[in-house]
Amino acid sequence: MDGLALALKSHRPDLLIVFGFAWKLPPPVLAVPRLGVLNIHVSMLPKYRGPAPLLWAIRNGDPSSGVTVHRMDSEFDTGNILAQQDGIGLADDISWATYCAEAMPVVRDLLRRSLDRAAAGHTGEPQDHSKASYAGFMEAAFSVIRWSDSADTIHNQVRTHRFMRSPDRPVAKVGDTWLHIIRTSLEPADGFSVACGDDGRPLWITESAAGQPPGEPPGADA
């Protein structure tokens with residue numbers, strides 16, 4: 001990162017904009033642009049700070065998400081907010097394409113507003129750190145379905161992996177067979193149902209493929 005700071009100094013930038021960058025920029029880099037560094041974060045900060053805000057919004061079954069443009073500081077997603085907007089729908093059958101169709105116009109509008117504020121010297125509004133939550137990467141166990149979880153939890157688990165375009169996860173054991181679960185429905189649908197959770201509420205598996213038990217590579221004999 002020291003090399004990055006030196007390289008940036010040679011270009012004498014007025015402002016840096018970061019979007020989808022999962023690494024922390026050190027203070028020497030943040031100090032280079034005279035107007036600072038802005039980050040575009042796909043949540044309503046301080047909710048879902050961290051590298052995977054959208055995945056956690058889908059996983060938690062949130063009906064919508066937001067976008068925040070904030071000033072970067074020495075910590076992850078803690079800097080002052082320049083602009084943000086909520087209400088970007090997270091459809092049940094969400095994909096990257098359908099999400100971007102709704103989110104990118106919002107990103108462009110917020111970025112224009114934030115650039116105007118940054119150019120005028122506005123520092124932005126501090127976040128309420130008491131309301132912060134963290135959205136880290138998905139844990140390994142999230143790739144395996146537990147039928148003891150609720151139908152909603154499992155449905156959102158499948159939605160999250162489909163949004164991630166996981167090639168062979170999540171997997172579940174149905175009877176004596178391991179399946180890669182691709183699509184599910186909380187309402188009666190073509191396919192077959194499995195009882196979930198303590199209350200036995202059914203979840204319909206509408207699309208699946210042959211899967212491998214946890215820990216076995218694709219193509220291994222089950």
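A pocket is taken here as an open set of grid points with protein on both sides within 12 Å along at least five of seven lines, and its lining residues have an atom within 4 Å of a point. In the predicted model, the largest pocket is lined by 27 residues, and Gly20, Gly50, Pro51, Ala52 and Pro53 lie nearest its centre. Its volume is about 610 Å³. Strand 1, strand 2, helix 3 (53–59) and helix 4 are the elements that give two or more residues to this lining. By class, the lining of the largest pocket comprises 20 nonpolar, five polar and two charged residues.

Strand 1 and strand 2 belong to an open sheet of four strands, ordered 1-2-3-4 with mixed pairing. Strand 1 (16–19) and strand 4 (81–89) form the edges, each pairing on one side only. On average, neighbouring strands of the sheet are turned by 15 degrees against each other, direction ignored. Four bridges join strand 2 (residues 37–41) to strand 3 (residues 64–71) in the antiparallel sense, and Asn39 stands opposite His70 in strand 3. Helix 4 (residues 96–119) lies across strand 1, strand 2, strand 3 and strand 4, and runs at about 165 degrees to strand 4.

The second largest pocket has a volume of about 210 Å³. Arg59, Glu139, Ala141, Phe142, Val144, Arg146, Asp149, Asp152, Thr153, Asn156 and Gln157 line this pocket. Helix 5 (residues 151–164) supplies the largest share of the lining, four residues. The lining of the second largest pocket divides into three nonpolar, three polar and five charged residues.

Notes
Residues numbered from 1 in each chain as written. Predicted model: local features only at pLDDT ≥ 70, side-chain atom pairs only at ≥ 80, totals over all residues. Heavy atoms only, no water. Pairing = 2+ DSSP bridges. Axes fitted to C-alpha atoms, helices over the stretch in contact; angles between N-to-C directions. Contact = heavy atoms within 4.5 Å. 1 Å grid on protein atoms, 1.4 Å probe; cavity = no way out; pocket = protein on both sides within 12 Å on 5 of 7 lines; lining within 4 Å. Points joined across faces, edges and corners; volume = space filled by probe spheres on them. Nonpolar A, V, L, I, M, F, W, Y, C, P; charged D, E, K, R; others polar.
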